[in-house]
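Open the model in your viewer and keep the sequence panel visible. The tour starts with the whole chain and then moves to selections within the chain.

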Amino acid sequence: MTDTLLMKPVRRSVAYFSMEIGLENDIPTYSGGLGMLAGDTIRSAADLEIPVVAISLLHRKGYFIQQLDAEGWQQNQEQIWDIDKHLKLHPVKASVELEGRTVWLQAWEYTVTGCTGFNIPVILLDADLEENADIDRKLTDSLYGGDEKYRLSQECILGIGGVKILRALGYNELKRFHMNEGHASLLVVELLREQLQIEGSWRESIVDSVRSKCVFTTHTPVPAGHDQFDMELVDKVLGKHEVVEQLRHRIKANGLLNMTHIGLNFSH
């Protein structure tokens, strides 16, 4: 299924962002309950003919395969899967700036078909491109892998890169951006930046406009489910610009940027 998609996208009004989505057993882009819930949400939307487009990461190496050794200890192995068998590649790309480097993203698509035949596209972002530095090509490899910088970079790709790739694909009539958990909350950075370009200078109406477009859900009532990043790391990865400064003033707590707080404060 490596043929590129050349068709203009059907009108969509809702963009659903999730770090993991359970689509098929052979597509290991999920780890557990959150991913299965996201997959069921998309399948239900397809059955109900709700005009959704979904965004996630490709996760070339999946989550992991769990095995037990002779002494009973858990051993993790990469879960390599056949991407070309399940997905189609779009001919467009978008980029994000991470640590001052341009990271290019390509978009693969999986189609969820509802009981009436209505289709929902699931766009999976992939940074494994020759244009990127070796370190950046691995950013979409593993679900919940790596250190804090790797995790923050992935969330930048999902949120900021997700909005950019939707624009590049022609999804320009979106009215709602649904953040499924805090992993996707940095989409507000790109929405704020877009609105700032429209209004020319910073004002409170920019925040109001973004809030009116955003919806947020959280499912994990334990600390591990609410990512927090040191502001020095945020400045290093995202760079210092006006939108990040606004997040710093509004969301910072004890020197940390809390992704759940962003989702709650920038949605209606």
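Show the whole chain as a cartoon: the secondary structure comes to nine helices and eleven strands, taken as DSSP runs numbered from the N terminus (helices are H or I of at least four residues, strands are E of at least two). The radius of gyration is 18 Å, close to the 18 Å that the globule rule gives for 268 residues, so the chain is as compact as a globular protein of that length. That radius is taken over C-alpha atoms, and the rule is 2.2 Å times the number of residues to the power 0.38.

This is a predicted model, in which local features need pLDDT of at least 70 and side-chain atom pairs count only at pLDDT 80 or more, while totals for chains, interfaces and linings use all residues. Residues are numbered from 1 along each chain as its sequence is written, and side-chain values use heavy atoms, with hydrogens and water left out.

**Whole chain**

Switch to the C-alpha trace, which spans about 55 × 50 × 40 Å along its principal axes. Turn on the surface next: the accessible area is about 12500 Å², and carbon and sulfur atoms hold 50% of it (Shrake-Rupley method, 1.4 Å probe). Of the 268 residues, 51% are buried (under 20% relative accessible area; exposed is over 50%, partly exposed in between; only protein chains are considered). Among contacts between residues at least 6 apart in sequence, 68% join residues at least 24 apart, where contact means heavy atoms within 4.5 Å.

**Helices α4 and α5**

Select residues 148-169 for α4 and 187-199 for α5; the two helices pack at about 55°, with their axes 6 Å apart. Axes are lines fitted to C-alpha atoms over the stretch in contact, and angles run from 0 to 180 degrees between N-to-C directions. The pair is therefore oblique (under 35 degrees is roughly parallel, over 145 roughly antiparallel, 65 to 115 roughly perpendicular, the rest oblique).

Now show side chains at the contact: Gly159, Ile160, Val163, Lys164 and Arg167 come from α4, and Leu187, Val189, Glu190, Leu191, Arg193 and Glu194 from α5. These residues divide into five nonpolar, one polar and five charged.

**Two loop residues**

Select His59, in the loop between β2 (52-57) and β3 (65-68). Its phi is near 50°, a positive value in a residue other than glycine. Is His59 buried or exposed? At 0% relative accessibility, His59 counts as buried.

Finally, go to Glu99, in the loop between β5 (88-98) and β6 (101-113). Glu99 is not a glycine, yet has a positive phi of about 55°. With a relative accessible area of 22%, Glu99 is partly exposed.

Notes: Nonpolar A, V, L, I, M, F, W, Y, C, P; charged D, E, K, R; others polar. Buried < 20%, exposed > 50% of the residue type's maximum accessible area, 1.4 Å probe, protein only.
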